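Hi there,

Here is the structure I promised to pass on to you. Have a look at it first, and then read my notes below.

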Amino acid sequence: MSDGAPLLELEGVSKRFGPVQALDRVDFAVSAGEVVGLVGDNGAGKSTLVKTIAGIHGADEGTIRFEGQAVSISRPQDATALGIATVYQDLALCDNLDVVANLFLGREEVSAGFGQASRQLDEARMEHQTGELLSNLAVTIPSLRSEVGTLSGGQRQQVAVARSLLGEPKVVLLDEPTAALGVAQTAQVLNLIRRLRERELGVVVISHNLVDVFEVADRIFVLRLGAAAGEFAAESTTEEHVVSAITGVGSEREKQNGDPEAGAPGGGGGER
Amino acid sequence: MSETATTAPAPAEEAMPRPKETLRRLIQGDLASLRVVIGLALIWAIFQFENDRFLSAQNLTNLMLQIAATGLISIGVVYVLLLGEIDLSVGAVSGLAAAVMAVLNVKHGWNPYLAIAAAVAVGMAIGVLQGSLFSRFVVPSFVVTLAGLLAWQGALLQVLGSTGSINLTDPKITGLANTFYSDAVGWIIAAVVVGGYGAVLFLGHRRRAAAGLDSESFAGMGVRFGLVAVVTIVATTVFNSDRGVPLAVLILLAFVVGMEYVVKRTGFGRHVFAVGGNAEAARRAGIRVNGIRVAVFGIAGTMAAIGGIMAASRLLAVNQNSGGNELLLLAIAGPVIAGTSLFGGRGSVWTALMGALVIGSISNGMDLLALSSAVKFMVTGGVLLLAVLVDAIARQQRSATGRV
């Protein structure tokens, strides 16, 4: 699934918010054509880690390497320029704009010639590219000109993921892509994630839902209280192992069998 | 005519919706512009019924001259409303800019064009200052521009000095609101407008076809072209049977079309809508949100100055009341009445024109009926309340049917 040096590599990354140590010397990596599941309890630092990579807030210390080069990511534009795209939990779509406008938000195509001086939008070209991209990804939307606010949750999520691909990124970060989705919509989004892997992208999926993570991830990375708490190959581990890494009670469980906090086998479903 | 601007990119299947669908969209506000046209037709019918001079060529021309200044100011207000913000200083800025122009031209003998440019620059600088304070210190725009309202009114009195009133005599300045073109020139302008609109429709169709996209049916395009042609021809006929096509109306229309183009067809305009719809999403998409905010307030200040110059030109003077009274409230009420949302992210520059027309018609009609200011204010207030209620109901219904 992955070979050679990792595409994106974090070494000893820390981040504080006042008295709160949100990230504590975290090492993390993702390679091309690999899906990494990033899991952890609420407040474990998953979103902070993703936001650090995405440049929403810079790391306090630590090194970030992209394709082997040490890089500094302090603004969202830095991450975008490197080829790191992020799809946020709250989607970050504009409900009042249509699918095409949302897809191209911040990187609109401008008409050539006469319209160039005024940065006139090339709507026809953008709509054409949107249609091609969405059909490549097998995403079905009733009309490319429908306002995003009118779409279902699954459609919105797929639009958000598709949008991240427009900049030809190498790494895609997905924050809770299946939260609040129904069964069929979740399956659509997971399929979309598999197509990202087929495109040789490095994919990081944050999720509370271990069932979904086991379904798509090649590797599972666990954060607990801001620090790395374990790393598992999805094929050779069980939900039980991952859950005990998440809750940090695995070692005590031998002594205190039946502790409800430790979670019964398969307790991942109750992890929200 | 507002129709044509807002539904241009609609795909083919929306070009000919079923009657029931049209009714739903009418109520829910997708066709807010059509709602305004119907409202305006009602208002005109009522006043014409009460006083048959209302729809005379002379009165309609007067009406258009009366709304030119407010409409110009409202264009900037539309931009601010699209951000979901408000600018309470536009009235005071319009007065101050007009005073700057008058003092430079009359007292200091500046070339009229230079005086106008200086006044516009003052408006722009004020807008940029207010926008910077608002975005840099995250103070509500309401408060920043309320402070501006007071401060710029004081600046107006200061600039006017002890005289308190300056009469404008320069023909270049007074000509802005008092120039009328001959019949022949009027028809040439009308032909250019209709031909230009046809060319825009045709080129847009060809571009979509070249990209292999569905395009609007020829019937739909024909209807829109026909509507614009009819409105243009009727308007030109009306103007020509009075004093001719007024320059002020052409200036207003040019700004409406130009600023609508900017907000609907350019990257900048798209970013204005994005910031108004979801500022955080815009920021994450790499849009410089604060830059957009400063630019929009700069536009509001600029348009306020241009409107103030137009008002001064029509009044032939600048005095301590310039930009005062109800001008500010009408300039904000107009776009809202015509369908630009107070909550940001929804609207069109055409609402500046249509709203000014609605308010101007009510005011003009009640003047013809010799009603008192007391009644005028109460009726205008009632219309604004009604429009806001309709907007709120439309929002509720949109969210009830899963449309945000």
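First, a bit of vocabulary: the helices and strands I mention are DSSP runs, with at least four residues for a helix and at least two for a strand, and they are numbered from the N terminus. Keep in mind that this is a predicted model.

**Chain A**

On that reckoning, chain A comes to nine helices and ten strands. It has 272 residues, and 47% of them count as buried. If you take the contacts in chain A between residues at least 6 apart in sequence, 66% join residues at least 24 apart.

Chain A is divided into two domains: domain 1 covers 1-83 + 169-272, and domain 2 covers 95-167. Where they touch, twelve residues come from domain 1 of chain A and eleven from domain 2 of chain A. On the domain 1 side, strand S7 (171-175) and helix H6 (183-198) of chain A are the elements that give two or more residues. H6(A) gives the most to that side, with five residues. Sorted by class, the domain 1 side has eight nonpolar, three polar and one charged residues.

Two residues of chain A are worth clicking on.

- A:Arg224 is found in strand S9 (residues 219-224) of chain A. Is it buried or exposed? A:Arg224 has 19 C-beta neighbours inside 10 Å, so it counts as partly exposed; being buried would take 20 or more. Leaving aside neighbours within four places in sequence, A:Arg224 is in contact with A:Gly40, A:Asp41, A:Ala44, A:Ala229, A:Ala245, A:Ile246 and A:Gly248. Try finding A:Asp24 as well: A:Asp24 and A:Arg224 are 200 residues apart in sequence, yet 9.8 Å apart in space, C-alpha to C-alpha.
- A:Glu200 sits in the loop between H6 and strand S8 (202-206) of chain A. Its phi is positive, about 65°, although A:Glu200 is not a glycine. A:Glu200 counts as exposed because it has 12 C-beta neighbours inside 10 Å.

**Chain B**

Now for chain B, whose secondary structure comes to 18 helices and four strands. Of its 404 residues, 46% count as buried. Among contacts in chain B with a separation of 6 or more, residues 24 or more positions apart account for 78%.

The C-alpha trace of chain B spans about 65 × 55 × 45 Å along its principal axes. What radius of gyration does chain B have? The value is 21 Å, which agrees with the figure near 22 Å that a compact globule of 404 residues would have.

Two helix pairs in chain B are good to look at one after the other.

- Start with helix H5 (residues 57-82) and helix H15 (residues 289-315) of chain B, whose axes come within 7 Å and cross at roughly 175°. That makes H5(B) roughly antiparallel to H15(B), because an angle over 145 degrees counts that way. On the H5(B) side, the residues that meet H15(B) include B:Leu65, B:Ile73 and B:Val80. Among their partners in H15(B) are B:Val296, B:Met303 and B:Arg314. By class, the residues of this contact divide into 18 nonpolar, four polar and one charged.
- Then find helix H12 (residues 247-265) and helix H13 (residues 267-277) of chain B, which pack at an angle of about 70° with their axes 5 Å apart. That makes H12(B) roughly perpendicular to H13(B). B:Val262, B:Val263, B:Lys264 and B:Arg265 of H12(B) make the contact with B:Phe268, B:Gly269 and B:Val272 of H13(B). The classes here are four nonpolar, one polar and two charged residues.

While you are around H15, look at B:Leu316, which lies in the loop between H15 and strand S4 (317-319) of chain B. B:Leu316 has a positive phi, near 65°, in a residue other than glycine. With 13 C-beta neighbours inside 10 Å, B:Leu316 counts as partly exposed.

**Where the chains meet**

How many residues of each chain are in contact with the other? There are 28 residues of chain A in contact with 28 residues of chain B. On the chain A side, helix H2 (76-82) and helix H4 (123-136) each supply at least two residues. The largest share of that side, five residues, comes from H4(A). The chain A side divides into eleven nonpolar, ten polar and seven charged residues.

Have fun exploring!

Note on methods: Residues are numbered from 1 along each chain as its sequence is written. Chains are lettered from A and ligands numbered from 1 in the order in which they are written. This is a predicted model: local features need pLDDT of at least 70, side-chain atom pairs count only at pLDDT 80 or more; totals for chains, interfaces and linings use all residues. Two residues are in contact if their C-beta atoms, placed from the backbone, lie within 7 Å. Ala, Val, Leu, Ile, Met, Phe, Trp, Tyr, Cys and Pro count as nonpolar, Asp, Glu, Lys and Arg as charged, and the others, Gly among them, as polar. Axes are lines fitted to C-alpha atoms, for helices over the stretch in contact, and angles run from 0 to 180 degrees between N-to-C directions. Angles under 35 degrees count as roughly parallel, over 145 as roughly antiparallel, 65 to 115 as roughly perpendicular and the rest as oblique. Domain bounds come from an automatic or database domain assignment. The radius of gyration is taken over C-alpha atoms; the globule rule is 2.2 Å times the number of residues to the power 0.38.
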